[in-house]
Amino acid sequence: MISCILKTQSKIFYTFLLALVVSFGALAQGASEQAEVAQKGVEPGSTEGASVDGGADPAVIDAGAALFKNNCAVCHSAGSDVIVGPGLKGVTGRRSESWLISWIKNSQALIQSGDAEAVAVYNEYNKQAMPSFAFSDDEVRSILAYIDSEANTAAAVPTTVGGVEGAAPGQNVGTDAIGAVGGYLDIILVVLIVVLIVLVVTLLLITSLLKNYLNKNRQLDEYDAEVVNQRFDFSKIYKSKAVRTLVVLIFVVVLLDLTIDKVMGVGIQQGYQPKQPIAFSHKLHAGEHQINCNYCHTTVYESKSASIPSANICMNCHSQIQTQSPEIQKIYRAIERNEPIEWVRIHNLPDLAYFNHSQHTQVGGVECQTCHGPIQEMDVVYQYSPLTMGWCIDCHRETPLNTEGNQYYDNLVQLHEASSKGAFTVSSNGGTECSKCHY
């Protein structure tokens, strides 16, 4: 009878452990799912369900978007935010098309002509001269079409969050709402775990009291006495040859794995994130303000290397914006002392490898994010890709060449199609030959 009670108590204890593990697993899974949902959420800039009014040609809007981001986004937003100049949302409703074309092409000429609207804008924004642009009328119209499409897209995005129509962004809806089922399940799991812990503690106390009572007040036979007073000998575990062998084996495997990881990682700087002399945020500039990479890194499409921006480029905006910021004051000091800003280089290939930046960006049409990762989301830039030889070769093997409209590739494409059924990739054009990068 006594042995049955104790064995039952042991089974209950093991059942509790199993329930505890399952409960924590469910909690972890629920937290993971909620984190995933929260992470996905409503993507910023999403235009799902949106429509663009006005019937503008998508090709015209795309052309206008490229012109706007490369030339206008430094000083203007397509929304209502004021950067250097005013936000351009609704500008086609406030100004005539002919006036806007004249203003964008040569704002100073329009001001000097005495145009009242031009003079008012010039004075309102601290007489900050807007540069002239050698755009055609159609190019200006494409920019205006892009600005209108951005306003219409923002207006057309449905105000639904988490599947609840009319919910405002940031409002708790769906599984995150107050009183939702998901929240109650978490509370129930926590309560069950607490109850199980209390039950186990209670059973242990009862077992201890029962054991003391039986030892003091009852005459136990040899078998029952052994069951009641049995103790687990932990020394048998670490004295066991099998356990010692297993521990040594695990230690050797872990040590070997760490050694191999270190050896294989020699020269790889993935994740390298040095502290820069000025706290520059790509998330703010390239992300929120949508400043094109080419504006600061001026040789990104023209040179073997992408240039590091000079202090003068920073001053194009910061002669007017955030002038009292401690970080901007560092730029002023560099200019006053006629010294460059000593940016710390992050992406650096070994001297034995030749890499041409313009060949990839201009000729190959490779996006910045392909190698540098989501740069528009980084407050502090880090090396996103491993930049190893294998990584480069894999890209050359998988990336198809854009040969359309380029007669240079006509014969090569014909020869490739005659001998292979696969796509005409960089590798097909000799992109994996040693002399391409090592000569």
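**A walk through a helical chain**

Let's start inside: the buried residues of helix H14 are covered by parts of the chain that include H12, H13 and H15. The model you are looking at is a predicted one, so keep that in mind as we go. Which residues of H14 are buried? They are Ala311, Ile313, Cys314, Met315, Cys317 and His318. That makes six of the eight residues in this helix, so H14 counts as mostly covered.

Now step back for a moment and take in the whole chain. It has 20 helices and two strands. Buried residues make up 25% of its 439 residues. The accessible surface of the chain comes to about 30000 Å², and carbon and sulfur atoms account for 58% of that. What about contacts between parts of the sequence? Take the contacts with a separation of 6 or more: 61% of them involve residues 24 or more positions apart.

Back to H14, which spans residues 311-318, and to one of its covering neighbours, H15. When you want to describe two packed helices, you give the angle between their axes and the distance between the axes. How do H14 and H15 score on that? Their axes come within 10 Å and cross at roughly 130 degrees. An angle over 115 degrees but not over 145 falls in the oblique class, which is why H14 and H15 are called oblique to each other. The crossing of H14 past H15 is left-handed.

Which side chains and backbones actually meet there? From H14 come Ala311, Asn312, Cys314, Met315 and His318, and from H15 come Ile328, Ile331, Tyr332 and Ile335. Have a look at the spacing in these numbers while you keep one rule in mind: an α-helix has 3.6 residues a turn, so residues three or four places apart point the same way.

Between H14 and H15 runs a loop, and glutamine 322 sits in it. This residue has a positive phi of about 50 degrees, although it is not a glycine. Is glutamine 322 buried or exposed? Its relative accessibility is 56%, so it counts as exposed. Another glutamine with a positive phi is number 290, at about 55 degrees, and it is not a glycine either. You'll find glutamine 290 in the loop between helix H12 (282-288) and helix H13 (293-296). With 37% relative accessibility, glutamine 290 counts as partly exposed.

Stay with H15 a little longer, since it also holds a salt bridge. The side chains of lysine 330 and glutamate 327 meet there, with 3.2 Å from N to O. Both residues belong to H15, which covers residues 326-336, and they are three residues apart, about one turn of the helix. Lysine 330 has 29% relative accessibility, so it counts as partly exposed. Glutamate 327 is also partly exposed, because its relative accessibility is 24%.

That pair is one of four salt bridges counted in the model. Let's visit arginine 141, which forms a salt bridge with glutamate 97; their closest N and O atoms are 2.9 Å apart. Why is this pair worth a look? Arginine 141 lies in helix H7 (residues 137-156) and glutamate 97 in helix H4 (residues 97-105), so the bridge ties together parts that are 44 residues apart in sequence. At 34% relative accessibility, arginine 141 is partly exposed, and so is glutamate 97, at 40%.

Arginine 141 has a salt bridge with aspartate 138 as well, where the closest N and O atoms are 3.1 Å apart. Here the reach along the sequence is short: the two are three residues apart in helix H7, so about one helical turn separates them. Aspartate 138 counts as exposed because its relative accessibility is 57%. What do the shared partners add up to? Glu97, Asp138 and Arg141 are joined into one network by their salt bridges.

One last stop is another arginine, number 244, in helix H11 (residues 241-264). Its relative accessibility is 49%, and since exposed needs over 50%, arginine 244 counts as partly exposed. Which residues does it touch? Leaving out residues up to four places away in sequence, arginine 244 touches Tyr238 and Lys239.

Note on methods. Residues numbered from 1 in each chain as written. Predicted model: local features only at pLDDT ≥ 70, side-chain atom pairs only at ≥ 80, totals over all residues. Heavy atoms only, no water. Helix = DSSP H or I, 4+ residues; strand = E, 2+ residues; numbered from the N terminus. Buried < 20%, exposed > 50% of the residue type's maximum accessible area, 1.4 Å probe, protein only. Contact = heavy atoms within 4.5 Å. Areas by Shrake-Rupley, 256 points an atom, 1.4 Å probe, with all protein chains shown as cover. Axes fitted to C-alpha atoms, helices over the stretch in contact; angles between N-to-C directions. Parallel < 35°, antiparallel > 145°, perpendicular 65-115°, else oblique. Left-handed = near helix turned anticlockwise from the far one by under 90°.
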